Amino acid sequence: MSFINAVEKGAAAVGAHLVRDVSLPALVLHRDALEHNIRWMQDFVSNSGAELAPHGKTSMMPALFQRQIAQGAWGITLASAVQTRAAYAGGVRRVLMANQLVGAPNMALIADLLADKDFDFHCMVDHPDNVADLGLFFAARGLRLNVMIEYGVVGGRCGCRSEQEVRDLAKAIKAQPALALTGIEGYEGVIHGEHAISGIRDFAASLVRLAVDLQNNGSFDLPKPIITASGSAWYDLIAESFETQNAAGRFLSVLRPGSYVAHDHGIYKAAQCCVLERRSDLHEGLRPALEVWAHVQSLPEPGFAVIALGKRDVAYDAGLPVPLKRYRAGILPAEGDDVSACTVTAVMDQHAFMTVAAGVELRIGDIISFGTSHPCLTFDKWQVGCLVDEQLQVIESLETRF
């Protein structure tokens, strides 16, 4: 391993063992669970009559993008021009940018990629000003940009707020020769509350109704336009709505969950339980594949441990890290002891405070594996993740490209 690679946060040599050879803390991905999740979601989406474009912003690991594509993914969803360029460099040739392309420097990044005629790119628009700017920019470069109208909800994120705004925007796009309207997009994850399920179904029905209207009016520039929605919590409802309304017959239905690839021990674990409750035909769900491993750093008081793990290493926006197992450093074969009764109570930049459950005996230097909640904001803290086998041996270093 070169010195440059050796100093990358999370770098570990292939063949290294987590409890003996790897500098901690480290981002750990378990191969069996990861491969299961990739297969599981691809099968779910395919069996629903749709295509899968996983949201790559979750991991920004091109090696995972390639695994998802090899399993059958139609493309990769991304959130920015910079992410798109990174995915292209990693071999991705079809991208849904589920966001608006704003600003001349970002437009220039995409224009450079469109020089490759095999690169299929679609971005979102939700306002006539953006449509005019994109039309002017790409016309000046002799290029045609694929755009999709984003349809949103009041109080939500981006997107047109009414069906009439969508129809008016379609007319504005038609007036720009450098733009091609290729579909319609929405995001249901901002719908919350007591009646979220009915709200999501209503939103999906409205999305399909708009797509039908636009197609009947000749607004689309594809014979089979794209209709797409779905985050990582309600993908089953979107799939059901698209399939029930026969969206796949007139349209290319595309689902975009992303966090499924690693899953988690928090918000998506809870969301997956709800999916399985709604879908009795699904006998097995996703498996948590992502952990962060760290040392016990200090035991300054009885029942209290400080872990060498902090906000710079693990997500804390949707729940604190969850202790899973304790390993004795350097001892092989590695056998983990359950420490799930312990609780992380706070995290600082480089430290986590953990109450030690009765009966759990820790030593300085012990290794603890932690589950996370919301994998997106754990991945982006790492340059490299360790892919490990069942024996906790590193079989591949997976680089991020944030």
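The following exercises work through helix packing, a salt bridge and local backbone features of a predicted model.

Residues are numbered from 1 along each chain as its sequence is written, and side-chain values use heavy atoms, with hydrogens and water left out. Because the model is predicted, local features need pLDDT of at least 70 and side-chain atom pairs count only at pLDDT 80 or more, while totals for chains, interfaces and linings use all residues.

**Exercise 1.** Determine how helix α8 and helix α9 are oriented to each other, and which residues meet.

Solution. Begin with the elements, where helices (H or I, at least four residues) and strands (E, at least two) are DSSP runs numbered from the N terminus. Helix α8 covers residues 196-216 and helix α9 residues 235-244, and they pack at an angle of about 40 degrees with their axes 9 Å apart; the axes are lines fitted to C-alpha atoms, for helices over the stretch in contact, and angles run from 0 to 180 degrees between N-to-C directions. Angles under 35 degrees count as roughly parallel, over 145 as roughly antiparallel, 65 to 115 as roughly perpendicular and the rest as oblique, and α8 and α9 are therefore oblique to each other. Next, take the contact (heavy atoms within 4.5 Å): Ile 197, Ile 200, Arg 201, Ala 204, Leu 207 and Val 208 in α8 meet Leu 237, Ile 238, Glu 240, Ser 241 and Phe 242 in α9. By class, the residues of this contact of α8 with α9 are eight nonpolar, one polar and two charged, where Ala, Val, Leu, Ile, Met, Phe, Trp, Tyr, Cys and Pro count as nonpolar, Asp, Glu, Lys and Arg as charged, and the others, Gly among them, as polar.

**Exercise 2.** Locate the two partners of the salt bridge between Glu 185 and Arg 256 in the chain.

Solution. The criterion is a side-chain nitrogen of Lys or Arg within 4 Å of a carboxyl oxygen of Asp or Glu, and by this rule the count comes to 21 salt bridges. In the pair considered here, the side chains of Glu 185 and Arg 256 meet at 2.8 Å, N to O. Glu 185 belongs to strand β7 (residues 179-186), whereas Arg 256 is in the loop between β9 (252-255) and α11 (267-278), so that the pair links distant parts of the chain, 71 residues apart.

**Exercise 3.** Identify where the cis peptide bond between Leu 24 and Pro 25 and the positive phi of His 263 are placed.

Solution. The bond joining Leu 24 and Pro 25 is cis, with omega about 5 degrees, and Pro 25 lies in the loop between α1 (3-6) and β1 (26-30). His 263, a residue other than glycine, has a positive phi near 55 degrees, and His 263 is placed in the loop between β9 and α11.
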